[in-house]
Amino acid sequence: MSNNKILLCLAHMSGQEMKYIQEAFDTNWVVPLGPNVNAFEEDLEHLCGQGKHVVVLSSGTAAIHLALVLLGVGREDEVICQSMTFSASANPITYQGGTPVFVDSERDTWNMDPNLLEDAIKDRIAKTGRKPKAIIPVYLYGMPAKIDDILEIARRYEIPVVEDSAEAFGSRYRGQLCGTFGDFGIMSFNGNKMITTSGGGGLICPDEVTKKRIMFYATQSREPKPYYLHKEIGYNYRMSNICAGIGRGQMFVLEEHLAHHKHLCDRYVELLAGVDGITVHTNINDLSDSNYWLNTILIDPTKAGTDYDTVRQHLEACNIESRPLWKPMHTQPVFSGAPAYVNGVSEELFSMGLCLPSGPWVSDEDVERVAHEIIACCKK
Ligand SMILES: *Cc1c(COP(=O)(O)O)cnc(C)c1O
């Protein structure tokens with residue numbers, strides 16, 4: 001076996017990107033608007049269906065921030081957020097001066113536990129006399145959350161939902177694209193996500209009017225006057241025409257990437273089947289169609305005779321990149337003061353889980369090498 005470095009998830013170009021970038025240069029559209037931006041938004045709207053509108057932005061984090069701006073999150077407001085996630089899901093709540101309220105995960109999807117969500121809503125209303133201003137469920141590693149249950153609760157309490165589908169580009173639930181169920185949905189085109197614009201994001205909006213409002217805030221809240229008139233605080237969050245050109249090119253490889261990530265999942269399942277104490281995280285039923293952005297495993301130390309960090313270090317020594325799962329936000333020093341509704345699941349997952357190489361550059365041979373080295377640890 002070769003000993004080439006195997007990485008978690010690297011960007012992979014279709015070859016069409018340069019054409020759109022060249023067009024932008026040739027027409028001097030080297031600015032944060034232009035034909036690539038409009039065309040990329042159309043591509044994404046077509047993918048979303050459901051009559052949704054999309055605004056492309058400078059990052060997924062900016063998309064979450066603008067959704068919260070539009071929902072009027074401010075000081076004194078609380079926003080419920082899944083605890084087990086990347087910090088970018090929660091950080092924008094604090095940009096608005098709001099307080100995150102963290103809700104733990106359920107064991108099967110690793111995403112927001114709907115029952116705990118309802119407990120949290122009731123308790124926040126009892127304690128503060130006010131409803132949380134929004135709910136941010138996350139699709140961890142691309143795995144669909146129980147979004148129907150979450151939406152049912154959210155609608156009953158009339159609280160808007162911002163789906164953090166940054167990791168779930170192309171994932172579906174009941175055949176519908178993740179990010180198109182709630183009031184807003186998030187896309188990320190960072191370098192390590194399903195497709196990339198080198199850095200960028202998108203906000204899925206319910207209608208044209210909302211899209212216009214988002215575009216207004218994303219371009220410094222400039223009023224429609226010949227001079228620069230501002231009545232509200234704005235942001236510089238639009239995607240550039242160059243980055244959107246990369247995005248247009250990437251759309252050609254989306255289906256291929258999705259198929260490859262899913263294929264790698266099948267290979268991991270096959271190769272690690274029957275290894276005591278190792279479980280590959282997979283779709284919980286036929287409704288759920290994960291993009292398997294990152295394939296993940298749980299290692300039960302009592303059964304496997306090894307633990308996630310021993311395996312991680314062994315893989316590293318073998319030139320294979322792996323990574324612990326997201327450390328839950330309610331255990332992060334920066335959020336130590338935030339209220340949290342905890343059931344132990346996310347902390348347990350964090351103490352057992354690893355993300356494995358999953359990108360377009362990972363070959364069948366690479367997966368065999370990864371699985372071989374994981375099994376080698378178990379037998380030690
Ligand atoms: C990547 C990511 C984001 C933020 O996206 P950026 O484009 O990197 O700002 C938000 N939430 C989750 C869960 C992510 O993984």
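Ala, Val, Leu, Ile, Met, Phe, Trp, Tyr, Cys and Pro count here as nonpolar, Asp, Glu, Lys and Arg as charged, and the others, Gly among them, as polar. With this classification, the shell around the ligand is made up of four nonpolar, eight polar and three charged residues. The structure is a predicted model, and every value below is computed from it.

## The ligand and its surroundings

The ligand is surrounded by 15 residues, of which T61, D164, E167, S188 and K193 come nearest. Polar side-chain atoms approach the ligand at several points: in the side chain of T61 an N or O atom is 2.5 Å from an oxygen atom of the ligand, while a polar side-chain atom of D164 lies 2.7 Å from a ligand nitrogen atom. N190 also takes part, with an N or O atom of its side chain 3.1 Å from an oxygen atom of the ligand. Taken alone, the ligand exposes 380 Å², and the protein buries 94% of that area.

## Salt bridges

The model contains 20 salt bridges, and three of the pairs are set out in the table with their closest N and O atoms.

| Pair | N to O distance | Relative accessible area |
|---|---|---|
| K133 and D77 | 4.0 Å | K133 29%, D77 5% |
| R156 and E118 | 2.8 Å | R156 45%, E118 15% |
| E270 and R267 | 2.8 Å | E270 53%, R267 14% |

The side chains of K133 and D77 meet in a salt bridge at 4.0 Å, N to O. This pair links distant parts of the chain, 56 residues apart, with K133 in the loop between α5 (114-128) and β4 (134-136) and D77 in the loop between α3 (60-70) and β2 (78-82). K133 counts as partly exposed because its relative accessibility is 29%, and the cut-off for a buried residue is under 20%. D77, at 5% relative accessibility, therefore counts as buried.

In the second pair, R156 and E118 form a salt bridge with their closest N and O atoms 2.8 Å apart. R156 lies in helix α6 (residues 147-156) and E118 in helix α5, so this salt bridge ties together parts that are 38 residues apart in sequence. With a relative accessibility of 45%, R156 counts as partly exposed, whereas E118 is buried at 15%. The side chain of E118 has a further partner, making a polar contact with the side chain of Y157 at 2.9 Å.

The third pair joins E270 and R267, again described by closest N and O atoms that are 2.8 Å apart. These two residues are three residues apart in helix α9 (residues 254-272), so they are separated by about one helical turn. E270 counts as exposed at 53% relative accessibility, whereas R267 counts as buried at 14%.

Apart from these pairs, E41, E45, K211 and R238 are linked in a network of salt bridges.

## A nonpolar surface patch

Which residues form the nonpolar patch on the surface? The patch consists of L7, L10 and W361, which together have about 300 Å² of accessible area. W361 is placed in the loop between β15 (353-356) and α13 (364-379). Its relative accessible area is 54%, and W361 is therefore exposed.

## Loop residues

Several loop residues can be described by their contacts or backbone angles. S290 is located in the loop between β11 (288-289) and β12 (295-299), and its relative accessible area of 0% makes it a buried residue. The side chain of S290 reaches the backbone nitrogen of Y292 at 2.9 Å.

N28 and Y141 each have a positive phi without being glycine, the angle being near 60° for N28 and about 55° for Y141. N28 sits in the loop between α1 (17-26) and α2 (35-48), whereas Y141 is found in the loop between β4 and α6. Are these two residues buried or exposed? N28 is exposed, with a relative accessible area of 62%, and Y141 counts as buried, with a relative accessibility of 2%.

Terms used: Residues are numbered from 1 along each chain as its sequence is written. This is a predicted model: local features need pLDDT of at least 70, side-chain atom pairs count only at pLDDT 80 or more; totals for chains, interfaces and linings use all residues. Side-chain values use heavy atoms; hydrogens and water are left out. A residue is near a molecule or strand if one of its heavy atoms lies within 4 Å of it. A polar contact is a pair of N or O atoms within 3.5 Å; within protein, one must be able to donate a hydrogen and the other to accept it, and residues adjacent in sequence count only if both atoms are side-chain atoms. Accessible areas come from the Shrake-Rupley method with a 1.4 Å probe; for residues, only the protein chains shown count as cover. Patches are made of residues with over 30% relative accessible area and no salt bridge: like charges are joined within 9 Å, nonpolar side chains (Val, Leu, Ile, Met, Phe, Trp, Tyr) within 5 Å. Helices (H or I, at least four residues) and strands (E, at least two) are DSSP runs, numbered from the N terminus. Buried means under 20% relative accessible area, exposed over 50%, partly exposed in between (1.4 Å probe, protein chains only).
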